[in-house]
Structure formats: structure tokens, C-alpha cells
Amino acid sequence: MSGPLLLAIESSCDETGIAIVEGGRMIRANVVASQVALHAPSGGIVPEVAARAHLRWIVPTLEEAWADAGATWNDIDGIAVTYGPGLAGSLLVGINFAKALAWVHDKPLIGVNHLEGHVYAAWLVDPGEDAATRPEPEFPLIALVVSGGHTFIAEMRDHLSYRLLGTTVDDAAGEAFDKVGRLLGLGYPGGPAIQKAAEGATRRDTVFPRAWMGDTYDLSFSGLKTAARRIVDAARLEEGLSPDDKETALSEATTAELAWGFQDSVVDVLASKTARAAREIGARSIVLGGGVAANAVLRDRLRGEAATLGVPLIVPRPALCTDNGAMIGAAGARRYRVGERAGLELDARPSLPLALR
Ligand code: KG4
Ligand code: ZN
């Protein structure tokens, strides 16, 4: 796909992302102002704080994107912006910024679903990278998107066409990582901390439960979180620590074993279900996206499953798996090409689904 050159804006959660993307694939600039450090002390995202931080960072982020791309308004064909799902206050900052720019510079506006953005990150090519060495995902494909707010398995038979096969019925996988990370005293965000702690595990025999949800593609992580609390409390008693004593951490060895056991359970369920879905629909590729896709164990396990099925696993580099503007530019380009345009009445849709089942 050649052209268009889109300015893309993402502000649905806790990252302010602005990118300039050519033809839905080539990244010309991709600047992300992360609020992770801002939210770390509270152990989670505070919506009010997030919205204010977007306001503070959105203009400097845009300025840096222009400088990186060496582009000007004359080159831009349209503005893509995330309009849901996400935090209302955060979404509104990006949407209103995009609308003002579209109006002032007389550019078309394209509304993009954040979840679709995570899937389309699989099409992105880094600056200086040869697009020919990065094949586009082939249809039909299975997409597994696992983030702090969302977890689903979807089938795509063509561009912009989704069939939702399964979704979490309670917590998102990343949310479970964050909560269990806190239980283990590993800080926020829990995902990368659990992965790192688990690398130090030597016994690797602690078994956490798996919620298989019958033969559906649905997922559930809240029972696992409750089980983790029980297992952590029991381990603390064994080490002579009170479950209520928040100051004293479990030994490093036990923390590593429990982190490993928890991660093994999440990865096992996600990878098994994704592989079964790919087999069932005769997928020609598997796409992995969302913040939890940065997890090395999940990537390795899915790569193995994909190899067994003889299909490629397409997984963006970690910085393109977490929230960013480039993925919105990739999805936005497809919508631009089919003539989709949003009006200045575009509003935030905090609960926007990827597709109805
Ligand atoms: O996609 P994302 O940046 O934001 C949302 O849209 O939610 O995902 C953030 C989530 C957090 O829950 C974080 O703990 C998780 O992704 N995460 C990981 C890893 N890196 C980030 N989870 C497991 N392993 C990782 N290496
Ligand atoms: Zn996301």
C-alpha cells in the first residue's frame, strides 16, 4: 500500500503517542511520552492524573515527531486519532487536539479503535528497515491482543474485518500481572518485573491454576489472582512472615518461583487457546500485540506453537506492542484508504468494542 502520510495520535491510557506513518507501514516518527513513572507511586493509573499529563505532553510530543520525521503540514494527508476504548478524560485530550489540528490545517480526520491499532502494529516497519524483509501478515489470521486493559482472540479474514472469538470475562492479562506483581512486592508495572523475577527461578515446579473456560476461547484471570494471593500467603507463613506484614518481602528464591508459576499459567492458557484457534480457522499467520506481548516467555511459547502449525508468528518489537501512535497510523491508513472520515463531532467512546460477537 503506498501513501497516505498520516499524523497519528494516541492518548487512550497512560502514554501520549504521536507518530507520522507512511502507507500504513513505514514509521517516519514515533514519539511516546510515558507516564509509567508518574503512576508508579500509586501502583496504578489515576485517570485524572493521566488526563492532565496528556495535556502537558501532547504539544512537546508533536514537536518532537515533526523533528524526527523531517515533515511539515504540507506533506500530511490526514490525522488519525484513537477515539476508544480507554479513559474518557485521556481520550478527549487526543481527540480535541486532533480536531483542532484538522480544522486549522484543513486535513481529514480518521477515528481509530485502539484495539485495532494493537493488531495493526504487526504491519509496521521501522525507519531504515527494509520492508521486503518484514512480510505482511497473511489472511486469514488469528490475533491475540493482551494488554493492561484488554485481552482477546480475534479472527481476521481481511483488512478491518474482525470476528471476536474470545475475550476475558474479568481481568485483562496485564492487569493480572500488575496485581500479582504488587502481591509479590515487585512494584508497578508488574509484567516486566514478574518476567525478570521469574528468570531467577530454578525449581520451576510451582503450579498455579489455569481457567480453561470449557472449550470456548474466553479467558479468565480473576481466579488466578485469588489463587496467587493464597499461594503467596502460604509461602509467607512458611518463611515465618505474617501475610499482613507489608514491609518484609518473601525471599528472592521464593519470589522467583512464584513469579515463574504465575507467568507459566498465564502463558500456557494464552498460547494454547491461540494455537487452537489458529488450527481451527486454518490461519496463515498469527499476530501478537498489546503490552503483555512484550513478555519473552509468551513470545517464545507462541513462536513454538506457530512453528508446529507451520505459520509465521508476527510480533512487533516491544516498544510497538505497548501503546504508541504508530499503530494508530497503521490502522488509520486502512480506514483512510476505504474513504472513512470522521467529522468534528467525533467523541470519545470509552467502551468501544473491537467487534460485536
Ligand atoms: O498495551 P499497554 O501498554 O497498555 C494498555 O493498553 O493496557 O499494556 C500495559 C500492560 C501492563 O499491564 C504491563 O504490566 C504489561 O502490559 N507488560 C507486560 C510486560 N511488559 C508490559 N506483561 C508481561 N510481561 C512483560 N514483559
Ligand atoms: Zn493498549
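In this predicted model, the zinc ion (ligand 2) is surrounded by four donor atoms whose mutual angles range from 94 to 143 degrees, and the arrangement is therefore irregular. The upper end of that range matters for the assignment, because four donors count as tetrahedral if all angles lie between 85 and 135 degrees. For reference, the ideal angle for four tetrahedral donors is 109.5 degrees. On the protein side, the donors of the zinc ion (ligand 2) are His-114 and His-118, each through NE2, together with Asp-323 through OD, at distances of 2.0 to 2.2 Å from the ion. Along the chain, the donors of this ion are spaced as H-x3-H-x204-D. The two histidines, His-114 and His-118, belong to helix H4 (residues 114-120), where a separation of four residues corresponds to about one turn of the helix. Both of these residues, His-114 and His-118, are buried.

The surroundings of ligand 1 comprise 19 residues, of which the closest are Gly-148, Asp-178, Gln-195, Gly-291 and Asn-295. Polar contacts to nitrogen atoms of the ligand are made by two of these side chains: a polar atom in the side chain of Gln-195 lies 2.8 Å from a nitrogen atom of ligand 1, and an N or O atom in the side chain of Asn-295 is found 3.0 Å from a nitrogen atom of ligand 1. An oxygen atom of ligand 1, in turn, is placed 3.4 Å from an N or O atom in the side chain of Ser-147. Of the 560 Å² of accessible area that ligand 1 has on its own, 90% is covered by the protein.

Strand S7 (residues 151-158) pairs with strand S6 and with strand S8. With S6 (residues 141-146), S7 runs antiparallel and is joined through six bridges, among them one that pairs Ile-142 with Glu-155 of S7; the connection between S6 and S7 is a hairpin of four residues. With S8 (residues 161-167), S7 likewise pairs in the antiparallel sense, over six bridges, and Ala-154 stands opposite Leu-164 of S8. The hairpin between S7 and S8 has two residues between the strands, and Leu-160, located in the turn, has a positive phi of about 65 degrees. Strand S7 is mostly covered, with six of its eight residues buried. In a regular strand, the side chains alternate between the two faces of the sheet.

Key:
Residues numbered from 1 in each chain as written. Chains lettered and ligands numbered in written order. Predicted model: local features only at pLDDT ≥ 70, side-chain atom pairs only at ≥ 80, totals over all residues. Heavy atoms only, no water. Donors = N, O, S within 2.8 Å, 3.2 Å for Na, K, Ca; no water. Tetrahedral: all angles 85-135°; square planar, octahedral: opposite > 155°, others 65-115°. Buried < 20%, exposed > 50% of the residue type's maximum accessible area, 1.4 Å probe, protein only. Near = heavy atom within 4 Å. Polar contact = N/O pair within 3.5 Å; in protein donor to acceptor, adjacent residues only side chain to side chain. Areas by Shrake-Rupley, 256 points an atom, 1.4 Å probe, with all protein chains shown as cover. Pairing = 2+ DSSP bridges.
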